[in-house]
Structures are given as structure tokens and as C-alpha cells.
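Subject: Handing over the structure, with notes

Dear colleague,

Here is the structure I promised to pass on, and below it I have set out what was found. Please read the notes with the coordinates open beside you.

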Amino acid sequence: MTLVVAFILGFFIAAVGIVAPGMLNMTIAKISVSESKKEALLFAFGAVVVVLIQCFVGVYFAKFIDANPSVSENLKKFGTVIFILLTFFFLFNGIRAKKPKPEVQIKNKKNRFVYGATLSSLNMFAVPYYAFISLTLASKEVFDFELLSIVVFSIAAALGTYTIFYLYAILFKKIEHKVSFISNNINFLIAAITGLVAVSSMYKLLAT
């Protein structure tokens, strides 16, 4: 049951984190429209391989942090601040999404797998994101840092990310005119989620 929970959490957290229109998923959408779905999914696969590694590194690093109570407690406080900042970040993104955005420029890359992996690796936010998320889940006793749980969580995160990428690749033509609306509402939804996590974390810290 623990592994099932780890899988569901990994899938959901990754999907929520990537669902808002951004550099990677919009690039996938444009490749799908201008080239082919096959090329777009090859790009997505390259990006997802990096996400799998980033998630594993972030959660495995969090395992060592969690093993040190003093460091873990300080980082949980820092993590609360991060979630507060994330709430404002997604609120700002939701407001900014109402303004017209420049078109995503796709460079002429022959190997879409490598291109996807390269762009994904530039996301320095991924490792700390999964580290803080896993620490928060562990503090609420819904996730443990057993190696198998970390592996399952990471695989699920990769699958969750790929699912969103796949939806962008196959549905973008149908929802292109609704991207601004989706971006607005998704960012506000994520802001609400991170806000709830921040409030919950603050309550737990103040209660101890």
C-alpha cells in the first residue's frame, strides 16, 4: 500500500507541477504542430528521462536531510517559506498569463531526444522542488524514504510528466485558442495548493 501511495503522489505532484503552459510543454506543442507528434514525443521522452533523474536525486538528497533532525527542521522552515513564495509566483503567473505572450521559438535540432533532455536539464528548480515536496510528505507521514519508495515515486513523477507532455502533443491543436484561459486557471489552482501546503506547514511548526 505504501508503494501505491508513493506512486499516486509522485504522479500527481509531477503532473500538477508541469501542467501550466511553460517552456517545455509549449515547445512540445509547437513541435507537434509544425513537425509531427512523433518528433514531439521524442522531445518529451528526452525531457522526462532528465525529470526522472532530477526527481530521484532530489528525493534521495531529502532522505539524508530527513535523517538529521536539526538540519531537517531548519529546512522544513525554509521549505515553508519556499511554498509561500511559490504561491505568490503562481499567482503572478496567473495574472501575467492574461497578457499576450511571444511565440515559442523552436531551434533547428535534428535530435529531438537530446534537445528535450538539454532543455529539461536547464530547469534548476526541479531538484529542490522534489526535495522539499518529499520532506513535506514525509513530515505528514504519507511517504517514507525507503529506496524502493523513492524509485517508485521517481518513476511515477516521470510518468506524470510524460502524460502531461503527451496531452499537449496530441491536444494542442484543439485547445490552442484556450491556452491563455487554461494558463490563468491552472496557475491559480497551483497557487491554492501551494498556499494550503504553506499554511499547513506553518501550523505544524507553530504547534510544536
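To place the loops, one term has to be settled at the start: helices are DSSP runs of H or I with at least four residues, numbered from the N terminus. With that numbering, alanine 20 sits in the loop between helix 1 and helix 2. Please keep in mind throughout that this is a predicted model.

Overall fold

The protein has eight helices and zero strands, and its elements, read from the N terminus, run α-α-α-α-α-α-α-α. Of the 208 residues in the protein, 43% are buried. If one takes the contacts between residues at least 6 apart in sequence, 86% of them join residues at least 24 apart.

Two loop residues

Alanine 20, already located above, has a relative accessible area of 14% and is therefore buried, since the cut-off for that class is under 20%. In space its C-alpha lies 9.9 Å from the C-alpha of phenylalanine 188, although alanine 20 and phenylalanine 188 are 168 residues apart in sequence.

Glutamate 141, by contrast, belongs to the loop between helix 6 and helix 7, and with a relative accessible area of 73% this glutamate is exposed. Its backbone deserves a look as well, as glutamate 141 has a positive phi of about 60° without being a glycine. For context, most residues other than glycine have a negative phi.

Helix 1 against helix 6

Helix 1 (residues 2–18) packs with helix 6 (residues 126–139) at an angle of about 135°, and the two axes are 12 Å apart. Helix 1 and helix 6 are therefore oblique to each other, because an angle of that size is neither over 145 degrees, where roughly antiparallel begins, nor within the 65 to 115 range of roughly perpendicular. The crossing of helix 1 and helix 6 is right-handed. On the helix 1 side the residues that meet helix 6 are Leu9, Ile13, Ala14 and Gly17, and their counterparts in helix 6 are Tyr129, Tyr130, Ile133 and Leu137. Sorted by class, this contact of helix 1 with helix 6 contains seven nonpolar residues, one polar residue and no charged ones.

Threonine 161

Threonine 161 is part of helix 7, which spans residues 147–175. Its relative accessibility is 3%, so threonine 161 counts as buried. Leaving aside residues up to four places away in sequence, threonine 161 touches Ala14, Ile18, Val48, Val51 and Tyr130. Ala14 and Tyr130 also appear in the contact between helix 1 and helix 6.

Helix 5

In helix 5, which covers residues 112–121, the buried residues are Arg112, Tyr115, Gly116, Ala117, Leu119 and Ser120. Among the elements covering them are helix 2 (23–34) and helix 3 (37–67). The N-terminal end of helix 5 is capped by asparagine 111, with a side-chain oxygen 3.1 Å from the backbone nitrogen of phenylalanine 113.

Is arginine 112, a residue of helix 5, buried or exposed? Arginine 112 has a relative accessibility of 3% and so counts as buried. The side chain of arginine 112 makes a polar contact with the side chain of glutamate 35, at 2.2 Å.

With best regards

Definitions and conventions:
Residues are numbered from 1 along each chain as its sequence is written. This is a predicted model: local features need pLDDT of at least 70, side-chain atom pairs count only at pLDDT 80 or more; totals for chains, interfaces and linings use all residues. Side-chain values use heavy atoms; hydrogens and water are left out. Buried means under 20% relative accessible area, exposed over 50%, partly exposed in between (1.4 Å probe, protein chains only). Helices (H or I, at least four residues) and strands (E, at least two) are DSSP runs, numbered from the N terminus. Contact means heavy atoms within 4.5 Å. A polar contact is a pair of N or O atoms within 3.5 Å; within protein, one must be able to donate a hydrogen and the other to accept it, and residues adjacent in sequence count only if both atoms are side-chain atoms. Axes are lines fitted to C-alpha atoms, for helices over the stretch in contact, and angles run from 0 to 180 degrees between N-to-C directions. Angles under 35 degrees count as roughly parallel, over 145 as roughly antiparallel, 65 to 115 as roughly perpendicular and the rest as oblique. A crossing is left-handed if the near helix is turned anticlockwise from the far one by less than a right angle, and right-handed if clockwise. Ala, Val, Leu, Ile, Met, Phe, Trp, Tyr, Cys and Pro count as nonpolar, Asp, Glu, Lys and Arg as charged, and the others, Gly among them, as polar.
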